[in-house]
Amino acid sequence: MGKYLILETIAREMRIGVLVLDSDGSALYANPSFLEFFPVRGGVEGKHVSDLMTNAHLLNAVSGFLQKRRGSPESMEIGEGPVVYSARLVPIKEKADFSLILFLQDITEEKRVETIKRDFVANVSHELRTPLASIKGYSETLLDGGMDDGETLREFLRVIDRHATRMSRLIDDLLTLSRLESHQMTIVSAPVDIGELVLSMIPAFEKQARDKSITVSTSIPQGLPKALGDHDRLEQVLVNLLDNAIKYTPSGGSVAVIAASDGQSVRVEVKDTGIGIPAADIPRIFERFYRVDKARSRELGGTGLGLAIVKHIIQGHNGRLNVESAPGAGSSFSFSLKACK
Ligand SMILES: Nc1ncnc2c1ncn2[C@@H]1O[C@H](COP(=O)(O)OP(=O)(O)O)[C@@H](O)[C@H]1O
Ligand SMILES: [Mg+2]
């Protein structure tokens with residue numbers, strides 16, 4: 001088989017963009033991937049590199065090579081519009097001929113994931129540091145003599161206990177999210193009696209609701225078909241939604257859990273008469289650690305991860321999740337699952 005045919009096939013099929021420049025910086029050849037990255041009408045042949053690409057760092061490096069007509073290969077990361085490339089410039093010299101080959105790999109997605117990971121680690125550290133600083137501050141004060149006063153001792157221990165509880169809740173939520181994401185926590189699909197599940201959960205919220213004089217009601221129609229899903233994960237979804245509904249509803253309000261079915265799917269709605277969510281925040285509340293009001297959420301013992309877990313679980317069910325809310329007008333969170341036939 002001809003060497004040329006093999007090389008040409010490689011250049012045509014690879015996902016890396018290749019651009020070959022002559023000693024003036026004009027294009028001799030571009031492979032299909034390069035043209036996909038930088039569509040050029042009428043082909044690239046004869047066009048100068050600066051007509052094709054805009055990144056100043058790259059163009060500088062190219063002119064450096066062309067002026068010296070030598071050098072060792074150079075790698076760099078460049079941005080071209082919204083796309084980030086890993087670029088490698090390789091000079092070739094053969095007798096009097098000089099050319100430069102540019103290899104481009106689209107690394108936008110890798111960069112995006114990297115940023116998310118970095119932000120996440122920064123967020124987790126920050127979230128852990130806050131309660132830890134309080135625990136440390138209060139225990140130091142007690143050790144410095146504060147514990148001689150029985151009243152202070154009791155009060156400070158209560159604060160320490162509250163912060164320790166928050167830290168352990170945060171770690172539980174982080175572990176849940178990470179298990180869901182790494183698919184260690186698989187979502188099983190079995191018939192779930194949503195009505196029974198909802199009714200079994202209400203007693204656990206009675207105290208929290210009574211303390212704020214919030215009434216919690218349920219509406220489950222007769223003959224509601226079973227939903228297809230994972231009982232324990234759906235319980236977690238309902239815990240998180242009910243906890244939010246009660247937390248973000250002022251005293252005297254009400255929370256309702258309403259189930260319904262059209263025969264094809266089962267829909268569960270958790271509705272409250274609470275503070276509501278501004279329209280601008282709604283698209284973001286499912287992000288990890290996003291809260292409309294950070295101080296209020298912390299005060300109420302929140303981790304900022306509850307809705308991220310809800311979203312993950314419902315997505316894992318191929319279900320639909322919906323939010324309707326407005327400041328002062330209450331919120332409605334609902335999800336739909338496949339009904340069992
Ligand atoms: N029922 C609700 N009413 C008003 N705001 C809500 C409600 N549910 C969630 N939110 C908003 O969404 C944010 C994220 O919710 P979540 O992920 O459960 O975190 P957390 O409750 O720990 O703060 C909350 O901080 C709050 O601002
Ligand atoms: Mg929550």
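The buried residues of helix α10 pack against α6, α8 (231-247), β11 (320-325) and β12 (331-338). Helix α10 itself covers residues 306-316, and its buried residues are Gly306, Leu307, Ala308, Ile309, Val310, Ile313 and Ile314. Please keep in mind as you look around that this is a predicted model. The chain holds 10 helices and 12 strands. Its radius of gyration is 30 Å, well over the 20 Å that the globule rule gives for 341 residues, so the chain is more spread out than a compact globule.

**Around helix α10 and strand β11**

- A handy reminder for reading a helix like this: an α-helix has 3.6 residues a turn, so residues three or four places apart point the same way.
- Just after α10 comes asparagine 318, with a positive phi of about 55 degrees.
- Asparagine 318 has this positive phi although it is not a glycine.
- This asparagine belongs to the loop between α10 and β11.
- Is asparagine 318 buried or exposed? With a relative accessible area of 74%, asparagine 318 is exposed, because the cut-off for that class is over 50%.
- Leucine 321 is part of strand β11, and its relative accessible area of 27% makes it partly exposed.
- Which residues does leucine 321 contact, once neighbours within four places in sequence are left aside? They are Phe286, Val310, Lys311, Ile314, Ser334 and Phe335.
- Two of the names in that contact list, Val310 and Ile314, also appear among the buried residues of α10.
- From leucine 321 to glutamate 196 the C-alpha distance is 21 Å, and 125 residues separate the two in sequence.

**Overall build**

- Taken along the principal axes, the C-alpha atoms of the chain fill a box of roughly 90 × 65 × 40 Å.
- Of the 341 residues in the chain, 39% are buried.
- Looking at contacts between residues at least 6 apart in sequence, you will find that 61% join residues at least 24 apart.
- The chain has an accessible surface of about 19400 Å², and carbon and sulfur atoms account for 53% of that surface.
- On the charge side, there are 41 positive and 44 negative side chains. The centres of these two sets are 2 Å apart.

**Domains**

- The chain is divided into domain 1 (3-106), domain 2 (108-185) and domain 3 (187-341).
- How far apart are the centres of domain 2 and domain 3? Taken over C-alpha atoms, the separation is 25 Å.
- Domain 2 and domain 3 do touch: 15 residues of domain 2 are in contact with 16 residues of domain 3.

**Serine 168 in helix α6**

- Serine 168 sits in helix α6, which runs over residues 150-181.
- Helix α6 is also one of the elements that the buried residues of α10 pack against.
- Serine 168 has 39% relative accessibility and so counts as partly exposed.
- Between serine 168 and lysine 111 there are 31 Å in space, C-alpha to C-alpha, and 57 residues in sequence.

**Strand β4 and the loop that follows**

- Lysine 93 is in strand β4, and a relative accessible area of 52% makes it exposed.
- Leaving out residues up to four places away in sequence, lysine 93 touches Arg69 and Phe98.
- The C-alpha atoms of lysine 93 and glycine 71 are 9.8 Å apart, with their positions 22 residues apart along the chain.
- Lysine 95 is in the loop between β4 (83-94) and β5 (97-106).
- What is notable about the backbone of lysine 95? Lysine 95 has a positive phi of about 50 degrees, although it is not a glycine.
- Lysine 95 is also exposed, its relative accessible area being 81%.

**Threonine 215 in strand β7**

- Threonine 215 is found in strand β7, which spans residues 215-219.
- Its relative accessible area is 51%, so threonine 215 is exposed.
- Which partners does threonine 215 have beyond its neighbours within four places in sequence? Threonine 215 is in contact with Gly253, Ser254 and Val255.
- For one of these partners, glycine 253, the C-alpha separation from threonine 215 is 6.8 Å, although the two are 38 residues apart along the chain.

Conventions:
Residues are numbered from 1 along each chain as its sequence is written. Chains are lettered from A and ligands numbered from 1 in the order in which they are written. This is a predicted model: local features need pLDDT of at least 70, side-chain atom pairs count only at pLDDT 80 or more; totals for chains, interfaces and linings use all residues. Side-chain values use heavy atoms; hydrogens and water are left out. Helices (H or I, at least four residues) and strands (E, at least two) are DSSP runs, numbered from the N terminus. The radius of gyration is taken over C-alpha atoms; the globule rule is 2.2 Å times the number of residues to the power 0.38. Buried means under 20% relative accessible area, exposed over 50%, partly exposed in between (1.4 Å probe, protein chains only). Contact means heavy atoms within 4.5 Å. Accessible areas come from the Shrake-Rupley method with a 1.4 Å probe; for residues, only the protein chains shown count as cover. Lys and Arg count as positive and Asp and Glu as negative; His and the chain ends are not counted. The place of a charge is taken as NZ of Lys, CZ of Arg, CG of Asp or CD of Glu. Domain bounds come from an automatic or database domain assignment.
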